[in-house]
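Thank you all for coming; I would like to walk through one structure this morning, going from a single residue outwards to the chains. Please have a look at the sequence and the model on the screen before I begin.

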Amino acid sequence: MIVSYPAGHLSDVPARPSADLLELALVNMDRLALQRIYSASGLTPLFFCEQFITPALAGIGEKWDRGELSLSHVYMSGRLCEDFMEQSFRGAPSNRVSEERVALAVLEDYHLLGKRLVGFVLRGGGVDYLDYGTVTAAELVQRVQEDSVRVLLISALMLPSALKVREVRDKLDQAGVPCRIIVGGAPFRLDPSLCDEVGADFCCATASQVLPALIQASGGEP
Amino acid sequence: MTSMERVLTALSHREPDRVPLFLLLTLHGARELGLSIEEYFSSSENVVRGQLAMLRRYGHDCIYAFFHASLEVEAWGGSTIFRDDGPPNAGAPPLKADAIASLAPPRLSAAPGLVRVLEAQRGLRHAVGDSVPIIGVVMSPFSLPVMQLGFDAYLDLMFDRPDLMQRLMEVNAAFCAEWGNAQLAAGAHAICYFDPLASPKMIDPSLYRSFGWPAARRALNAIKGPTATHLASGPCLGVVEDLAGSGTAMVGVGGEEDLAAVKKRCCGRLTVFGNLNGIAMRSWDEAAAIAEVKGAIDAAAQGGGFILSDQHGEIPWQVPERTLEQVAQAAREYGRYPLQGVRG
């Protein structure tokens, strides 16, 4: 476990608030430091999310991907940010990372932690999204059509759930629905070829990769 | 050598006649018998017939007397959701944090699913005696709460209510030991202790050391037989020393981990088993099966202390029988000791 941040120490907060220091505060579960960094930043909620929370959660996700932090760090960091935004701004400020309608779902799987982690990142990034919870492939396709969703995020822990993405892809294509699919979760990490196999457009190794993937899915640069 | 002799020799960190192979198969037994997964697990006789059929088909070195993880949660008041193409899922978590203060372990005899497992283990032991190791399974006290409470509620408990967390570990450790010992009494030769949350990929090692490791030590020391700790695809290098001190004899290695590095760290202390990628195995052709088997043997089999197996502790339903036969054949062919030109 590496929990070292060359950018500074939490005592630096008043002088040099930074996303690196916020990352350190989140990993240490230091609510007070989080509040102090926000106050010292002098930023509006929207810019604080953009310039601090999103890069801090991305940094924690990258460290998890490299085996330097644990999923428990990722979860608690996301929870702290969610609590903080709720208390400080009464929820996340809206920031149109994607101009298109976004939905998040789990396919026939009852392991929901991955979806919650993605939700933390989306809220931290100010992305509005529809949360479909656990649904079947047929239900998902129907809801995507009804809600005119154009970017669909699917989190999977179990292999059979990951394989079900193929059914969603095929049904959306048959119906002529122009919806891009972003997938993530353990099966896709363990077998990267699975992403193409199921017809996903983008695959995220960590929850925090969902924001650049969303920008790409919306036609922008990551 | 019988499978039992082969495995015991490897566990003694010596070289048997060939590298032992554990195909940790559960769901494929249903396909052997032409049954749905739900139907298959509804009867202990089915599992006995399925496991014996797979032993004959693949000629590997264990019987895996494990049904599915959600059976343990059923004993705590939970439910199982079956699907026709994969392992049964645990249904809604049966526990809330406020129930932990007065929680007591459930009686095994009151859990029909666990009773079916014990019946199967009796039948399997009757069929194979001591020629093939029969492996039972327990969920660790530290990992079971993912299904008891739900993963996010469990993480909240770990951070917000360490007092209740400690209490849950005590109750779960008592249940875990009783369940493991019941399986040993019924016919299992060894117990696989599934502890995916022990992996640093999942939980901060400092939290594991505060809660998970003491519970593991308590449970493993109370189980009256050999145990193997499996992190179910999770990397183990960051906690190898902890695992070695927990009382376990073996460690399962995840697919993202350097098998040779794990073997080197464990050498002479823990037997290593792993780490064929079960997810990728779905699409292996014969050349890939041979290459993967050779690669694992090359990395870790020298000197014994190694059992070839998958990374997760359960081979996915989507892996074809033909591929499993190719893996078994490659293990027999390339796993003969003395090994030729290996590094591990």
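Let me start with Ile182(A), which, once its neighbours within four places in sequence are left aside, is in contact with Val151(A), Leu153(A), Ala200(A), Asp201(A), Phe202(A), Cys204(A), Val210(A), Ala213(A) and Ala217(A). I should say at once that what you see is a predicted model, and that every value I mention is computed from it.

Ile182(A) also leads us to the largest nonpolar core, which has 195 residues, and inside which Ile182(A) and Val210(A) are the residues with the most contacts. That core draws at least three residues from each of two domains of chain A, namely domain 1 (10-89) and domain 2 (102-217).

Stepping back to chain A as a whole, there are 11 helices and five strands, and of the 222 residues in the chain, 52% are buried. If we take the contacts in chain A between residues at least 6 apart in sequence, 69% of them join residues at least 24 apart.

How far apart are the C-alpha centres of domain 1 and domain 2 of chain A? They lie 26 Å apart, and the contact between these domains takes 16 residues from domain 1 and 13 residues from domain 2 of chain A. On the side of domain 1 that touches domain 2, helix H3 (45-65) and H4 of chain A each supply at least two residues, with the largest share, 10 residues, coming from H3(A).

Now to a pair of helices. The axes of helix H4 (residues 71-89) and helix H5 (residues 113-124), both of chain A, come within 9 Å and cross at roughly 40 degrees. Angles of 35 to 65 degrees fall in the range that counts as oblique, and H4(A) and H5(A) are therefore oblique to each other. The crossing in which H4(A) passes H5(A) is left-handed. As for the residues that meet there, H4(A) brings Val74(A), Tyr75(A), Gly78(A), Cys81(A), Glu82(A) and Met85(A), while H5(A) brings Leu117(A), Phe120(A), Val121(A), Arg123(A) and Gly124(A).

Phe120(A), which has its place in helix H5 of chain A, deserves a moment of its own. Is Phe120(A) buried or exposed? A residue counts as buried if 20 or more other C-beta atoms lie within 10 Å of its own, and Phe120(A), with 22, is therefore buried. Not counting residues up to four places away in sequence, Phe120(A) touches Leu57(A), Gly78(A), Cys81(A) and Glu82(A); from Gly78(A), Phe120(A) is 42 residues away in sequence, but 5.2 Å away in space, C-alpha to C-alpha.

Let me set beside that Asp147(A), found in helix H6 (residues 137-147) of chain A. Asp147(A) has 12 C-beta neighbours inside 10 Å and so counts as exposed. Residues up to four places away aside, Asp147(A) touches Arg101(A), Ala103(A) and Leu130(A), and the C-alpha atoms of Asp147(A) and Ser77(A), which are 70 residues apart along the chain, are separated by 31 Å.

Finally, the contact between chains A and B takes 19 residues from chain A and 27 residues from chain B. On the side of chain A that touches chain B, the elements giving two or more residues are H4, H5, helix H7 (159-163) and helix H9 (186-190) of chain A, and the largest share, five residues, comes from H4(A).

How values were computed. Residues numbered from 1 in each chain as written. Chains lettered and ligands numbered in written order. Predicted model: local features only at pLDDT ≥ 70, side-chain atom pairs only at ≥ 80, totals over all residues. Core = buried A, V, L, I, M, F, W, Y, C linked by C-beta atoms within 7 Å. Domains from an automatic or database assignment. Contact = placed C-beta atoms within 7 Å. Axes fitted to C-alpha atoms, helices over the stretch in contact; angles between N-to-C directions. Helix = DSSP H or I, 4+ residues; strand = E, 2+ residues; numbered from the N terminus. Parallel < 35°, antiparallel > 145°, perpendicular 65-115°, else oblique. Left-handed = near helix turned anticlockwise from the far one by under 90°.
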